[in-house]
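Visitor: I am new to this structure. Please take me through one part of it closely, the sheet, and then show me what packs around it.

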Amino acid sequence: GSDRSSDGAESDWHVPRSWSPVEGQEACWPDYCEVNRALAMKVVELFQEGDIIWIHHYHLMLVPSYLKRRLRSSTPIGFFMHQPFPSSEIFRTLSNREELLRGILCADHIGFHLFEWAKNFLACCRRLLACSFEGRRGGGLSVTYNGRQISITCAHMGVEPSLVEQQ
């Protein structure tokens, strides 16, 4: 039912129950996995030899792992994170943190807009999965996971104002 406000008037406001972030994560995790699995299965269905697969955004962090298991080929898989990747101090509070990292690390190439975001990702990989990483010739980075070297790049995206003005 309704609650009463401080002046005694009836209100539709309900006192919120205690919310636990862990309970929320656990409740949503099966759905997150199912969405990632469903998208991966659709990609597998439409896949043709020679395709390059690019996955975008944090919503789909498990898709690379589902694809690697199903395609089992040398198909290049890229993952680009458009949002800031959190620091390891924040990321480690997620109950499924290792599964998320392992999912992304099944990609062959991982991209971020900013070096700081890539640095946070690499710190998570090192602290949570004991991965090693190194700088590569030409300024790129790579992380080693399960005997594979995964390329990490930083690429800014945006509109060049001078080009817009010319149009």
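Guide: Keep in mind that this is a predicted model. Start with the sheet. It is open and has six strands. Their order is β3-β4-β5-β8-β7-β6, and the pairing is mixed. Strands of a sheet pair through backbone hydrogen bonds, and they do so either parallel or antiparallel.

Look at the edges next. β3, residues 53-56, stands at one edge, and β6, residues 132-135, stands at the other. Each has a single partner strand, so one side of each is left without a neighbour in the sheet. From one strand to the next, the twist averages 25°.

Now walk along the pairs. β4 covers residues 77-81. Strand β5 covers residues 109-112. β4 and β5 run parallel, joined by four bridges. To find one of these places, go to G78: its bridge partner in β5 is H109. Then step from β5 to β8, which spans residues 148-154. β5 and β8 also pair in the parallel sense, over four bridges. Here G111 stands opposite T153 in β8.

The sense of pairing is antiparallel for β6 and strand β7, residues 141-145. Four bridges link β6 and β7. Find G135 there; its bridge partner in β7 is L141. For the side chains, one general point helps. In a regular strand they alternate between the two faces of the sheet.

Next, see what lies over the strands. Helix α2, residues 63-71, lies across β3, β4 and β8. α2 runs at about 155° to β3.

Move on to a pair of helices. Helix α4 is residues 97-104, and helix α5 is residues 115-129. The two pack at an angle of about 120°, with their axes 11 Å apart. That angle makes α4 oblique to α5. The crossing of α4 past α5 is left-handed. On the α4 side, the residues are R97, E98, L101, R102 and I104. They meet F121, C124, C125, L128 and L129 in α5. By class, this contact has seven nonpolar residues, three charged ones and no polar ones.

Finish with the charged side chains. The structure holds six salt bridges. One to look up joins the side chains of K42 and E45, at 3.1 Å from N to O. K42 and E45 both lie in helix α1, residues 21-46. They are three residues apart, about one turn of the helix.

Methods
Residues are numbered from 1 along each chain as its sequence is written. This is a predicted model: local features need pLDDT of at least 70, side-chain atom pairs count only at pLDDT 80 or more; totals for chains, interfaces and linings use all residues. Side-chain values use heavy atoms; hydrogens and water are left out. Axes are lines fitted to C-alpha atoms, for helices over the stretch in contact, and angles run from 0 to 180 degrees between N-to-C directions. Angles under 35 degrees count as roughly parallel, over 145 as roughly antiparallel, 65 to 115 as roughly perpendicular and the rest as oblique. A crossing is left-handed if the near helix is turned anticlockwise from the far one by less than a right angle, and right-handed if clockwise. Contact means heavy atoms within 4.5 Å. Ala, Val, Leu, Ile, Met, Phe, Trp, Tyr, Cys and Pro count as nonpolar, Asp, Glu, Lys and Arg as charged, and the others, Gly among them, as polar. Two strands pair if DSSP finds at least two bridges between them. A salt bridge is a side-chain nitrogen of Lys or Arg within 4 Å of a carboxyl oxygen of Asp or Glu.
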